[in-house]
Amino acid sequence: MMILHHWDLANGSPNPQSPFKRGVYISILRWQKNFLETGSIANKKRSGRPCTSDFDVECVRETFLHDPRRSVRSAARELDMPISTVYKVIKKKLRLHAYKVQIVQVLEPDDRPRRMVVATDMLRRIDDDAEFLKRIMFSDEASFHLSGIVNRHNVRIWGSENPHEYREAQRDSPKVNVWCGLMHDRVIGPFLFTEKTVSSVGYLDMLENFVFPQLEELQPHVFVQQDGAPPHWATIVRSSLNDHFTGRWIGRFCSVAIVAFGDL
């Protein structure tokens, strides 16, 4: 501790939580431990496969507790340990797991109040009309690549051994855009767009010539829900929805009280 104190006086005391300062501190503790046990600060000679001491385990624990985002390589360099030792400690001793960062849509300051308005309005409508949710057509779109591209977050292969399954990815592979609408008792679609990228004109053509005729028998009680994709809130699309479903379409820039329902 006196060595660390004099080192601070000579070099200026850096941030005590910095990786460099912590590395110096851990090294001094290691020297102290070696000196008390052997009379020397040199590491003891090892025979056979080296074992991981409780002291090393605790050093690794403190390192990742202080900075969970650091890499195994940088931790091994700071602790003066082999990378394999640090990895073995965090996996087998500490039983830590490497979790991926989730990417989510950013929330604006008024999004939470809008969501509360949506929830409150939906509950009120359900109380007034128990069949309300059955009168909403929920819709969405998806792209399917003809080359067989898969979403690695959704695909799992269970087994006792790694099958080393792989798929060859083709850059800019052909794809088809598919729209589908769902109600409690029927499926509207699917509809396959001929366009590589769905435009507002193509989306409007699909609504007026494919969707609206199938919902005609449910008028004037059916609601239409769509998400906030750019083609969905183009002026020509909103104008057509206002004409056919006045006050009964849910999405971005709609006029009903549950405006946020289709967009959040």
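Is L29 buried, exposed or partly exposed? In this predicted model, L29 is partly exposed, with a relative accessible area of 23%, a value that falls between the 20% under which a residue counts as buried and the 50% over which it counts as exposed. L29 is placed in helix 2, which spans residues 19–38, and its C-alpha atom is separated by 9.7 Å from that of F55, a residue 26 positions away along the chain.

## Overall architecture

The protein chain has eight helices and five strands, and their order, read along the sequence, is α-α-α-α-α-α-β-β-β-α-β-α-β. In that pattern six helices come before the first strand.

Of the 264 residues in the protein chain, 29% are buried, and the accessible surface of the chain comes to about 18,800 Å², with 56% of that area belonging to carbon and sulfur atoms. When contacts between residues at least 6 apart in sequence are considered, 58% of them join residues at least 24 apart.

## Packing of helix 3 and helix 5

Helix 3, covering residues 54–66, packs with helix 5, covering residues 83–93, at an angle of about 85°, and the two axes are 10 Å apart. Helix 3 is therefore roughly perpendicular to helix 5, because an angle from 65 to 115 degrees is counted as roughly perpendicular.

On the side of helix 3, the residues that make this contact are V57, V60 and F64, while helix 5 contributes V86, V89, I90 and K93. Sorted by class, the contact of helix 3 with helix 5 has six nonpolar residues, no polar residues and one charged residue. Lysine is among the residues counted as charged, whereas valine, isoleucine and phenylalanine count as nonpolar, so the charged residue in this contact is K93.

## Positive phi angles in two loops

Two residues that are not glycines have a positive phi, and the loops that hold them can be described in turn. D80, in the loop between helix 4 (72–79) and helix 5, has a phi of about 60° although it is not a glycine. D80 is also exposed, because its relative accessible area of 59% is over the 50% cut-off.

R95 lies in the loop between helix 5 and helix 6, and its phi is likewise positive, at about 55°, although R95 is not a glycine. With a relative accessible area of 63%, R95 is exposed.

## D111 in helix 6

Where along the chain is D111 placed? D111 is in helix 6, which runs over residues 111–128, and this residue number is the one at which the stated range of the helix begins. D111 is buried, with a relative accessible area of 6%, which is under the 20% cut-off for that class.

The side chain of D111 has a polar atom that lies 2.6 Å from the backbone nitrogen of E108, and this separation is within the 3.5 Å used for a polar contact.

## Cis peptide bonds before proline

The peptide bond from G189 to P190 is cis, with an omega near 5°, and P190 is found in strand 3, which covers residues 187–192. The peptide bond from Q219 to P220 is cis as well, again with omega near 5°, but P220 lies in a loop, namely that between helix 7 (200–215) and strand 4 (223–225).

## H184 and its surroundings

What is the distance in space, C-alpha to C-alpha, between H184 and L133? The two residues are 8.1 Å apart, although 51 residues separate them in sequence. H184 lies in the loop between strand 2 (175–182) and strand 3, and H184 is exposed, with a relative accessible area of 51%, a value over the 50% cut-off.

A polar atom of the side chain of H184 lies 3.3 Å from the backbone oxygen of K134, which is within the 3.5 Å limit that defines a polar contact.

How values were computed: Residues are numbered from 1 along each chain as its sequence is written. This is a predicted model: local features need pLDDT of at least 70, side-chain atom pairs count only at pLDDT 80 or more; totals for chains, interfaces and linings use all residues. Side-chain values use heavy atoms; hydrogens and water are left out. Helices (H or I, at least four residues) and strands (E, at least two) are DSSP runs, numbered from the N terminus. Buried means under 20% relative accessible area, exposed over 50%, partly exposed in between (1.4 Å probe, protein chains only). A polar contact is a pair of N or O atoms within 3.5 Å; within protein, one must be able to donate a hydrogen and the other to accept it, and residues adjacent in sequence count only if both atoms are side-chain atoms. Contact means heavy atoms within 4.5 Å. Accessible areas come from the Shrake-Rupley method with a 1.4 Å probe; for residues, only the protein chains shown count as cover. Axes are lines fitted to C-alpha atoms, for helices over the stretch in contact, and angles run from 0 to 180 degrees between N-to-C directions. Angles under 35 degrees count as roughly parallel, over 145 as roughly antiparallel, 65 to 115 as roughly perpendicular and the rest as oblique.
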